[in-house]
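Welcome, and thank you for joining this short tour. Please take a moment to turn the model around on your screen before we begin to walk through it together.

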Amino acid sequence: MSLEEKVGQLLMVDCPSDQVADATVNALDEYYVGSVILDGTNDLSVAQVKAITRKLQSHSADNAKLFISTDQEGGEVQRLQGSGFDTIPSAVQQGQLDPTLLQQDATQWGKQLKSAGVNVDLAPVLDIVPANFGSNPPIGDLDREFGHTPNGVSRQGLAVVKGLAAAGVDATVKHFPGLGRVRGNTDTTAGVTDNKTTVNDPYLQPFADAVQAGVPFVMVSSATYAKIDAHNPAAFSKPVITTLLRGKLGFNGVVISDDLGSAQAVAAFTPGERAVNFIAAGGDMVLTVDSSLVPAMTAALIAKAQSDDAFKAQLNQSVLRVLTAKAKLKLLR
């Protein structure tokens with residue numbers, strides 16, 4: 001693969017969930033982008049979504065098909081809601097189910113995604129909101145948590161991970177190292193900071209258990225964790241990604257960012273800096289819901305790889321992790 005093709009494999013770009021946008025096609029055709037997120041809620045049927053994903057795949061690279069993802073958590077966050085897709089209960093409700101039943105349900109939800117051509121679910125959420133914490137905009141206020149204890153969240157989260165895997169869909173646990181103890185939403189607020197989480201925090205247990213269970217994707221938050229790295233958002237933090245997630249927890253799968261396109265948490269950085277900082281910290285796949293940023297992100301990654309041998313080696317490792325994950329889903333040609 002050329003350097004340009006390699007960089008494309010490290011990007012996931014937005015596509016409206018109800019149509020194939022010209023900006024998305026341009027990213028796929030001109031910049032070799034290897035992954036897409038279906039964004040926005042719709043009521044299209046499984047067959048209608050399949051038509052969209054089939055068209056997207058027709059623009060994939062010669063040697064690798066696309067990862068096509070969406071946020072199919074349940075409750076307030078379920079992007080695909082039309083005929084053929086179950087109405088998925090919120091994570092709070094899923095937290096009350098017998099784990100065996102939840103795993104069976106997750107397999108059913110995964111089969112529906114697979115039938116629609118979606119092969120990555122940006123779920124489950126493993127963030128823990130403490131009981132009586134009060135307002136927690138990104139998670140608790142939307143009933144996105146399975147429960148209030150590490151054991152409970154781990155148990156239910158692993159049921160979903162295993163259920164999706166049985167359907168041939170890659171799960172993505174998020175938002176490492178946790179958004180359950182913050183007071184702001186990183187999508188809409190700058191400077192969101194967690195002052196509690198440490199490298200030995202018991203609230204990391206669900207992520208550690210998911211890693212041990214072989215989860216293929218981990219999404220990293222863009223909040224700042226003052227007791228781990230007070231100087232950088234987690235998505236740009238080597239202590240968070242390389243030292244904690246890869247080192248201490250032993251994760252060797254694909255590290256994907258939370259949105260680095262429109263999120264206020266990273267607005268102070270240029271698009272190019274966002275992409276380079278994430279890969280340099282140990283990340284693999286840059287997610288942007290703003291496709292117009294692809295040229296700048298691509299140019300910055302290429303320039304950095306051409307001028308910095310250590311960064312180029314990291315980039316190559318990231319590409320290998322992405323392609324290994326694609327191989328496991330039989331997406332390589």
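Keep in mind from the start that this is a predicted model. A good place to enter is Val120, which stands opposite Asp170 in strand β7. That pair belongs to the contact between strand β6, residues 120-121, and β7: the two strands run parallel and are joined by 2 bridges. Now follow the chain from one strand to the other. Together with helix α6, which spans residues 150-166, β6 and β7 make a β-α-β unit, and this unit is right-handed.

Strand β7 has a further partner. Over 3 bridges, β7 pairs with strand β9, residues 217-220, again in the parallel sense. If you would like a residue to hold on to here, look for Thr172, which stands opposite Phe217 in β9.

With these partners in view, is β7 itself buried or exposed? The cut-off to bear in mind is that a residue counts as buried when its relative accessible area is under 20%. By that standard, 7 of the 7 residues of β7, from 170 to 176, are buried, so the strand is largely enclosed by the rest of the structure.

Let us move on to another sheet. Here 3 strands come in the order β8-β10-β11, forming an open sheet with mixed pairing. The edges are taken by β8 (193-194) and β11 (229-233); each has a single partner strand, so one side of each is left without a neighbour in the sheet. Between β11 and strand β10, residues 224-225, the pairing is antiparallel and rests on 2 bridges. One place to see this is Tyr225, whose bridge partner in β11 is Asp229.

Finally, step back to the whole chain, which has 11 helices and 13 strands. Its radius of gyration is 18 Å, close to the 20 Å that the globule rule gives for 333 residues, so the chain is as compact as a globular protein of that length. Along the principal axes, the C-alpha atoms fill a box of roughly 50 × 45 × 30 Å.

The contacts and the surface complete the picture. Among contacts in the chain with a separation of 6 or more, 75% are between residues 24 or more positions apart. Of the 333 residues, 58% are buried. The accessible surface comes to about 12600 Å², and carbon and sulfur atoms account for 48% of that area.

Terms used. Residues numbered from 1 in each chain as written. Predicted model: local features only at pLDDT ≥ 70, side-chain atom pairs only at ≥ 80, totals over all residues. Heavy atoms only, no water. Buried < 20%, exposed > 50% of the residue type's maximum accessible area, 1.4 Å probe, protein only. Helix = DSSP H or I, 4+ residues; strand = E, 2+ residues; numbered from the N terminus. Pairing = 2+ DSSP bridges. Right-handed = clockwise from strand over helix to strand, strands pointing away. Rg over C-alpha atoms; globule rule 2.2 N^0.38 Å. Contact = heavy atoms within 4.5 Å. Areas by Shrake-Rupley, 256 points an atom, 1.4 Å probe, with all protein chains shown as cover.
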